Amino acid sequence: QPQVEWEPVGGVTVEEMEDLIALACYVKGAADSEPPESLGDVSVKLSSTRSVRITAAARWGAAEALFGGGATQDDELSVAVLVLESLAKCPLDERPLLASNV
């Protein structure tokens, strides 16, 4: 399995990105249809001189692309549905290789 080299984006290191995810991630419950009032903006310190502000709206909607998808065909599809559709469009003999890389 080839190793993937991390290229810092905008100077953000792997450790800083992991801190951002751990400190700013919000996981919705199945019954959550609106953000709770307690969900607010967060500011995460990356270093002694840098920090990033993540809005409540970004925290609330960030995982929708991965897991949510829309309720109707006009809504955006989740990443899981898009991957499944892509696999279905591949030739049968190429599906195992593609699936093993997901």
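**Note on the predicted model**

1. Confidence. The protein chain has an average pLDDT of 75, and 74% of the residues score at least 70. The structure is a predicted model, and confidence varies between its elements: helix H5 (residues 95-100) has the highest mean pLDDT, 86, while helix H3 (residues 64-68) has the lowest, 62. Where pLDDT is low, the predicted coordinates should not be read in detail.

2. Strand pairing. Strands E1 and E2 run antiparallel and are joined by 4 bridges. The connection from E1 to E2 is a hairpin of 5 residues. Within this pair, Val44 stands opposite Val52 in E2. Apart from its neighbours within four places in sequence, Val44 is in contact with Val52, Ser51, Leu20 and Leu23.

3. Nonpolar core. The largest nonpolar core consists of 6 residues: Val12, Leu20, Ala24, Val44, Leu46 and Ile54. Val44, one of these core residues, also has Leu20 among its contacts.

4. Orientation of helix H1. The buried residues of H1 are Glu16, Leu20 and Ala24. These residues lie on the same side of H1, because they cover an arc of only 45 degrees around the axis. An α-helix has 3.6 residues a turn, so residues three or four places apart point the same way. The buried residues of H1 pack against E1, E2 and helix H2 (56-61). On the face turned away from the buried side, H1 carries the exposed residues Glu15, Ile21 and Ala22.

5. Salt bridge between Arg50 and Glu16. The count of salt bridges comes to 2. In one of them, the side chains of Arg50 and Glu16 meet at 3.0 Å, N to O. Arg50 lies in the loop between E1 and strand E2 (51-54) and Glu16 lies in helix H1, so this pair ties together parts that are 34 residues apart in sequence. How buried or exposed are the two partners, Arg50 and Glu16? Arg50 is partly exposed, with a relative accessible area of 30%. Glu16 counts as buried because its relative accessibility is 11%, and the cut-off for buried is under 20%. Glu16 thus appears both in this salt bridge and among the buried residues of H1.

6. Salt bridge between Arg53 and Asp41. The side chains of Arg53 and Asp41 also meet in a salt bridge, at 2.2 Å, N to O. What parts of the chain does this pair tie together? Arg53 lies in strand E2 and Asp41 in the loop between H1 and E1, so the parts joined are 12 residues apart in sequence. Arg53 counts as exposed because its relative accessibility is 56%, and the cut-off for exposed is over 50%. Asp41 is partly exposed, with a relative accessible area of 40%.

7. Surroundings of Gly40. Gly40 belongs to the loop between helix H1 (14-24) and strand E1 (42-45). With a relative accessible area of 26%, Gly40 is partly exposed. Which residues does Gly40 contact, leaving aside its neighbours within four places in sequence? They are Ala56 and Arg59. The C-alpha atoms of Gly40 and Arg59 are separated by 8.6 Å, and the two residues are 19 residues apart along the chain.

Note on methods. Residues are numbered from 1 along each chain as its sequence is written. This is a predicted model: local features need pLDDT of at least 70, side-chain atom pairs count only at pLDDT 80 or more; totals for chains, interfaces and linings use all residues. Side-chain values use heavy atoms; hydrogens and water are left out. A nonpolar core is a set of buried Ala, Val, Leu, Ile, Met, Phe, Trp, Tyr and Cys residues joined through side-chain atoms within 4.5 Å. Buried means under 20% relative accessible area, exposed over 50%, partly exposed in between (1.4 Å probe, protein chains only). Contact means heavy atoms within 4.5 Å. Helices (H or I, at least four residues) and strands (E, at least two) are DSSP runs, numbered from the N terminus. A salt bridge is a side-chain nitrogen of Lys or Arg within 4 Å of a carboxyl oxygen of Asp or Glu. The arc is that of the directions from the helix axis to the C-beta atoms. Two strands pair if DSSP finds at least two bridges between them. pLDDT is the predictor's confidence in each residue, from 0 to 100.
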